[in-house]
Amino acid sequence: NSSNSSSQRPALRASQIGQQAMPVYVVMGVSGCGKSTVGKLLASRLGCQFVDADDLHPASNIAKMAAGQPLQDEDRWPWLDLCAQQIDRWLAAGEHGVLACSALKSVYRDVLRGNRVVPSPVIFVYLHGSEPVLMRRLSSRSHFMPASLLASQLSTLEPPEEAGTSFDADNSTPEAIVDALVSAHNNLQTATLQRLASLSEGNEEGDN
């Protein structure tokens, strides 16, 4: 029994390292920053599923925003729980995923990050821009959230201080942002493969 237990430990450890290299990306920021555009492009480049958190809002939230009323915390908690459940499904399956979600407050991001069963990181990609540019984008699109709510979102926004990735959406194209993200993603994959190779070599030396 002891030999079986010993032989299983390297596989478990290797599995944990591999899981850490299957991140879920949350593209966040206020409306008009380009979350959906960047998120869809990133998911396409990574070959994974994209989910827009706007599609997870209950009808009551959509009606409230369409009427020009900003959402309150009590409106957002059930919606954030649905977003967190989607992230959990990706992580539990060992899959990459991309979620476009405003995630304006630190406590909202805590809900999305959660206590994970699978030790895989949730990486927040923060897109920010100047109010005039954001307002111009919102005014030119068809969406249930009117441009008049931008000021409310900006006042609610708590820019992330935790480790993550930040981009100025005014001066960076979606393609340039995704190129940078894919490069960082590939570096993460390379580092993980190196760790797994090192672990494998260590196990072989131990067997000898």
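This report describes the sheet, the helices packed against it, the nonpolar core and several individual residues of a predicted model.

## Basis of the description

Because the model is predicted, local features need pLDDT of at least 70 and side-chain atom pairs count only at pLDDT 80 or more, whereas totals for chains, interfaces and linings use all residues. Residues are numbered from 1 along each chain as its sequence is written, and side-chain values use heavy atoms, with hydrogens and water left out.

## The sheet and helix α4

Five strands form an open sheet in the order β2-β3-β1-β4-β5, with parallel pairing; strands (E, at least two residues) and helices (H or I, at least four) are DSSP runs numbered from the N terminus, and two strands pair if DSSP finds at least two bridges between them. The edges are taken by β2 (49-52) and β5 (165-168), each with a single partner strand, so one side of each has no neighbour in the sheet. Direction ignored, neighbouring strands are turned by 20 degrees against each other on average, where axes are lines fitted to C-alpha atoms, for helices over the stretch in contact, and angles run from 0 to 180 degrees between N-to-C directions.

Between the parallel strands β4 and β5 there are four bridges, and leucine 127 has phenylalanine 167 in β5 as its bridge partner. Helix α4 packs on this sheet and touches β1, β2, β3 (97-100) and β4, its direction making about 170 degrees with that of β3; contact here means heavy atoms within 4.5 Å.

## The nonpolar core and helix α5

The largest nonpolar core, a set of buried Ala, Val, Leu, Ile, Met, Phe, Trp, Tyr and Cys residues joined through side-chain atoms within 4.5 Å, has 48 residues, and those with the most contacts inside it are Leu99, Cys101 and Leu112. Helix α4 gives the most to this core, with six residues. Leucine 112 touches, among others more than four places away in sequence, Val26, Leu80, Ile87, Cys101 and Phe124.

In α5, Tyr108, Arg109 and Leu112 are buried, that is, under 20% relative accessible area, with exposed meaning over 50% and partly exposed in between (1.4 Å probe, protein chains only). These residues cover an arc of only 95 degrees around the axis, which puts them on the same side of α5; the arc is that of the directions from the helix axis to the C-beta atoms. Their cover includes β1 (24-28), α4 and β4 (122-128). Just after α5, glycine 114 takes a positive phi of about 55 degrees.

## The aromatic pair

The model has one aromatic pair, under a rule by which rings of Phe, Tyr and Trp (its six-membered ring) pair if their centres lie within 6.5 Å, with planes under 30 degrees apart counted as stacked, over 60 as edge-to-face and the rest as tilted. Tryptophan 77 and tyrosine 108 form this edge-to-face pair, at 5.5 Å centre to centre and 85 degrees between the planes. Since tryptophan 77 lies in α4 and tyrosine 108 in α5 (residues 106-113), the pair ties together parts that are 31 residues apart in sequence. Tryptophan 77 is partly exposed at 34% relative accessibility, whereas tyrosine 108 is buried at 1%.

## Leucine 71 and aspartate 75

Leucine 71 is found in the loop between α3 (59-66) and α4 (73-92) and is buried, with a relative accessible area of 8%. Its contacts more than four places away in sequence are His57, Asn61, Lys64, Met65 and Arg76. Aspartate 75, in helix α4, is likewise buried at 16% relative accessibility, and, with residues up to four places away not counted, touches Asn61 and Lys64.
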